Amino acid sequence: MKKGNEKLGPFLGRHPGLAENFNECINESMSEDEFEARWADMIAKWELAEHETFLWLKKYAKYWVPCYYRHCFFPFLQSTQRSEGFNAVLKCYINPHNSIKHFVKQYEKLQQRILGKEGHNDYRTNELEPETWSPFPIEKHALTVYTHPIYHRFRLEFALIGYYNVQPEGNNFYQLVPNNEKCYPYGARYYMVNANGGQFNYECCKYERDGLLCCHVLKVFTHIGVDAIPEQYILRRWTQGTLETVVQPTVPVKDDVMPEESCQKLRFANLSTKFVALAKLASASDQHDDIARRHIREMTTEFAQLNKVKRKRKTTSASTTSNAPEQSANPNSNRTSTSAPSTHQKPSLGPTRTGPAPPPTTSTRQQAPRSAPGHVPTAHATGVVPSAAQPAPATSQQGPTAPPHSSTMAHSAPSAPTRQVRPSKKKKPTEPDFPYVQ
């Protein structure tokens with residue numbers, strides 16, 4: 001109706017009385033047949049058969065006339081408020097030109113506002129006690145059952161019972177007759193209520209649409225002495241114990257994490273918006289264009305370096321991961337065994353001693369014993385190893401020993417030839433290995 005009055009305002013102003021008939025046809029029609037009859041009378045009375053706007057309204061009447069959806073649950077909404085109510089709230093917080101990220105933030109603010117209003121209503125319900133409008137017991141019962149915002153709506157509806165008189169019509173039928181010219185929003189028509197075995201049938205269908213009983217049924221309650229609202233007419237969502245019966249989740253709720261693909265799309269959308277604005281600035285002159293291109297080249301270079309570092313780290317982590325199973329399969333591969341070699345281990349590199357200890361090698365440095373004056377120390381006394389031309393005397397009784405560092409190879413592989421190891425070079429001693437001859 002709001003849109004209709006905006007479009008038809010000048011036309012309705014030039015025809016006094018047409019606006020009143022138009023509103024009665026829309027708001028007071030309780031059935032589709034009644035609306036069709038009222039509409040036909042209005043078109044014939046005001047000669048609107050060729051009017052383009054009224055023809056368009058009649059074509060799409062089932063989408064906006066209340067009598068077509070009076071059996072549907074649309075609590076406390078009228079016609080276009082179903083779609084425009086929440087749209088008007090969104091327009092206060094969100095601009096159509098905002099990004100998705102800004103939309104999410106503003107929607108969270110809107111949600112916090114709604115939750116704040118719910119908390120305020122809960123406080124009023126739990127802590128405050130409103131006054132009743134009348135001494136009727138049924139109103140006191142509604143105060144104890146409904147939440148305070150719903151009770152205030154019930155009280156406004158209950159206050160309309162004074163505009164009707166009850167006239168019994170046969171067995172369990174009651175006719176509601178207006179005692180004034182009109183009763184907004186029900187008009188000047190009569191209403192019939194059927195009270196049969198605790199079930200109350202009525203024409204306005206307010207309970208099906210809003211979840212609250214209409215003033216016609218409440219008037220019959222006061223007439224026949226019903227002091228409490230029947231339980232089948234109390235919608236649980238409007239009661240005070242609704243939140244107490246909500247089942248709480250047993251599993252801890254995890255925070256929602258945005259997937260990486262969604263994060264990438266969000267970054268792309270935000271950067272696209274900013275780069276479009278930069279492109280407008282960069283196209284102003286050649287100097288602006290040069291600055292933009294220089295920064296683009298710098299960014300491209302930095303991006304390439306960053307991608308190179310990422311690929312290198314990825315390769316390193318992949319190689320580390322592939323080597324981990326091998327190390328777990330051979331845990332003793334990097335360990336030095338201190339025990340005797342077994343059949344499954346490598347033989348130690350040191351010679352196997354079967355007799356007395358061998359003479360010291362060139363790698364073992366011993367200080368020569370001091371002898372008497374005039375005595376020339378021998379090679380064994382000085383620790384000097386004889387050259388390869390002079391064979392060293394045998395120290396083992398079981399036979400000649402192998403050259404130094406070759407006993408291990410001979411022990412592990414007898415058929416392999418022995419390897420001659422050169423004696424290591426001696427550093428110049430800081431002190432003489434033998435005393436001076438006087």
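Strands β2 and β3 (residues 191-196) of this predicted model pair in the antiparallel sense, with 4 bridges between them. Within this pairing, Y174 has V193 of β3 as its bridge partner. On β2 there is a further pairing, with strand β1 (residues 164-168): these two strands also run antiparallel, and 5 bridges join them. Here Y164 is found opposite P178 of β2. The hairpin formed by β1 and β2 has 4 residues between its strands, and G170 adopts a positive phi near 75° in it.

Strand β2 thus takes part in pairings with β1 and with β3. Is β2 enclosed or open to its surroundings? Of its 6 residues (173-178), 5 are buried, so the strand is largely enclosed by the rest of the structure. As a general principle, in a regular strand the side chains alternate between the two faces of the sheet.

The three strands also lead to the largest nonpolar core. That core has 37 residues, and the members touching the most others are Y146, Y186, L213 and I229. At least two residues of the core come from each of α7 (137-145), α8 (148-158), β1, β2, β3 and α10 (215-224). The greatest contribution is that of α10, which gives 5 residues. The surroundings of I229 illustrate how distant parts of the sequence meet: once neighbours within four places in sequence are set aside, I229 is in contact with I138, H141, A142, Y146, F154, L213 and I234. Another core lies apart from this one; it has 18 residues, including L8, C25, I43 and C67. In soluble globular proteins, nonpolar side chains tend to be buried together.

Aromatic rings form a further set of relations. The structure holds 20 aromatic pairs, and one cluster linked by ring pairs consists of F11, F22, F35, W39, F54 and Y68. Rings also receive charged groups. R153 lies over the face of F76, 4.1 Å from the ring centre, while R189 places its charged end over the ring of Y191, at 5.1 Å from the centre of that ring.

The account may now turn to the chain as a whole. The protein chain comprises 14 helices and 4 strands. It has 438 residues, of which 23% count as buried. For contacts between residues at least 6 apart in sequence, 52% join residues at least 24 apart. The accessible surface of the protein chain amounts to about 32,700 Å², and carbon and sulfur atoms account for 55% of this area.

How values were computed. Residues are numbered from 1 along each chain as its sequence is written. This is a predicted model: local features need pLDDT of at least 70, side-chain atom pairs count only at pLDDT 80 or more; totals for chains, interfaces and linings use all residues. Side-chain values use heavy atoms; hydrogens and water are left out. Rings of Phe, Tyr and Trp (its six-membered ring) pair if their centres lie within 6.5 Å; planes under 30 degrees apart count as stacked, over 60 as edge-to-face and the rest as tilted. A charge sits over a ring if NZ of Lys or CZ of Arg is within 6 Å of the ring centre and within 35 degrees of the ring normal. Buried means under 20% relative accessible area, exposed over 50%, partly exposed in between (1.4 Å probe, protein chains only). Two strands pair if DSSP finds at least two bridges between them. A nonpolar core is a set of buried Ala, Val, Leu, Ile, Met, Phe, Trp, Tyr and Cys residues joined through side-chain atoms within 4.5 Å. Contact means heavy atoms within 4.5 Å. Accessible areas come from the Shrake-Rupley method with a 1.4 Å probe; for residues, only the protein chains shown count as cover.
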